[in-house]
Amino acid sequence: MKRAGVRCRMLRWAAAIVLVMAAAIVGGSFYMLDVSLGDLSGKDLAIRRQMLANEAPDVAEWADSLKTCGIMCDTFMTTDDGQRLHAWYLFAPEKTDRTMMVLHGYTCNIYSSLKIARMFRDSLGLNLFLPEFHAHGESDGDVVRMGWKDADDMLAWIPALHHLFGCGDGKKARIAIQGVSMGASTAMNISGKEHLDEIKCYIEDCGYTSVWDEFSHELKGRYGLPEFPIMYSSSALCKLLYGWSFGEASSVEMVKRCSKPMLFIHGDNDDFVPTRMVHTLYEAKPDNKTLWVTKGTDHAHSFRDYPKEYEQRVKAFLALCGM
């Protein structure tokens, strides 16, 4: 009888421990999704506008002037799932069909893209299209999609670009797509999905190989935790709640399918999206590829650190791509 009682107590303790561990894993998974996908600081345009004014007052004044004069305009699109997405568009100083879609980073918005956007327009003579991702800026949504489902949203904008910049008579715009960080991964995700002649090339600046790789890197770096079990449970929960998993959201797999030219840019001192990722991405791209690793640069600051060389390299790349 004693042995049976001891055995029952041990089983109860084991069951309790299993339940506590399961609850901790589930709770940790919800917490991870909330931290990684629920950060909506990018919706606050006023904060990003002030940050831009502090870092580059001339660019902030440039944008404000264009908005006031009605040269920089708003447009909206409603997606198939009923979400309204926002973008700004701006014509080049001289009429052209050459158009750059500029994709911002994680929890950012249009204001985060304006420094490099000004270079594309004023120095390189391109039309600008500046969309905001789901759950960023003035776009609808309450969950960040990490550039995975955003790729389909960005492709849905393409008819609007032809309407705006196609020079009439049914002519289509010539489009290049540039993105930084999450925007760069979005650009790569687009590159593996589309087969449109009008999209000529891509510029990816410090994008990550996959959501799994990026989150795993942050989990270890910030919290000192291994992938198992939180990454697996969080990914499964993301699939259940939002329809995609961390593993399937793979820019490196999309790049393998891309036949268009791509310029890869990354800082050699990037510890947020580790520099090693750009080499993996570059190797995965079949051909038509160029790599530039900037010395001493941390995350998303290659243009800030090397503005003239950035412009020269981009200009030469676009010329080779028929832009």
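This is a short tour of a predicted model, one selection at a time.

**Stop 1: a hairpin**

Start by selecting residues 73-78 and 84-90, which are strands β1 and β2. The two run antiparallel and pair over 6 bridges. Look across the pair from T78 and you will find R84 of β2 standing opposite. Together β1 and β2 make a hairpin, with 5 residues between the strands. Click on G82 in that turn: its phi is positive, at about 85°.

**Stop 2: I177 and its surroundings**

Next, pick I177, which you will find in strand β5, residues 174-180. Is I177 buried or exposed? Its relative accessibility is 1%, so I177 counts as buried, the cut-off for buried being under 20%. Now show what I177 touches beyond four places away in sequence: M100, M101, L103, A187, I190, I199, C201, Y202 and I203. To see how the chain folds back here, draw a C-alpha to C-alpha distance from I177 to F120; it comes to 11 Å, for residues 57 apart in sequence.

**Stop 3: helix α7**

Two of those contacts of I177, A187 and I190, are also buried residues of α7, so they make a handy bridge to the next selection, residues 182-191. How many of the residues of α7 are buried? The count is 10 of 10, from M182 and G183 through to I190 and S191.

**Stop 4: aromatic pairs**

Now colour the aromatic rings; the model has 12 aromatic pairs. Zoom in on F215 and F246, whose ring centres are 5.0 Å apart with planes at 90°, so this pair is edge-to-face. The two residues are 31 apart along the chain: F215 belongs to helix α8 (residues 211-223), while F246 sits in the loop between α9 and α10. Both F215 and F246 are buried.

Move on to F264 and Y282, with centres 5.7 Å apart and planes at 85°, so they too are edge-to-face. This pair joins strand β7 (residues 262-267), which holds F264, to helix α11 (residues 276-284), which holds Y282, across 18 residues. F264 and Y282 are both buried.

For a group of rings, select W292, F303, Y306 and Y310, which ring pairs link into a cluster.

**Stop 5: charges over rings**

Keep Y282 on screen and add K289: the charged end of K289 sits over the Y282 ring, 4.6 Å from its centre. Finish with K193 and W148, where the lysine lies over the face of the tryptophan at 5.3 Å from the ring centre.

Note on methods:
Residues are numbered from 1 along each chain as its sequence is written. This is a predicted model: local features need pLDDT of at least 70, side-chain atom pairs count only at pLDDT 80 or more; totals for chains, interfaces and linings use all residues. Side-chain values use heavy atoms; hydrogens and water are left out. Buried means under 20% relative accessible area, exposed over 50%, partly exposed in between (1.4 Å probe, protein chains only). Helices (H or I, at least four residues) and strands (E, at least two) are DSSP runs, numbered from the N terminus. Rings of Phe, Tyr and Trp (its six-membered ring) pair if their centres lie within 6.5 Å; planes under 30 degrees apart count as stacked, over 60 as edge-to-face and the rest as tilted. A charge sits over a ring if NZ of Lys or CZ of Arg is within 6 Å of the ring centre and within 35 degrees of the ring normal. Two strands pair if DSSP finds at least two bridges between them. Contact means heavy atoms within 4.5 Å.
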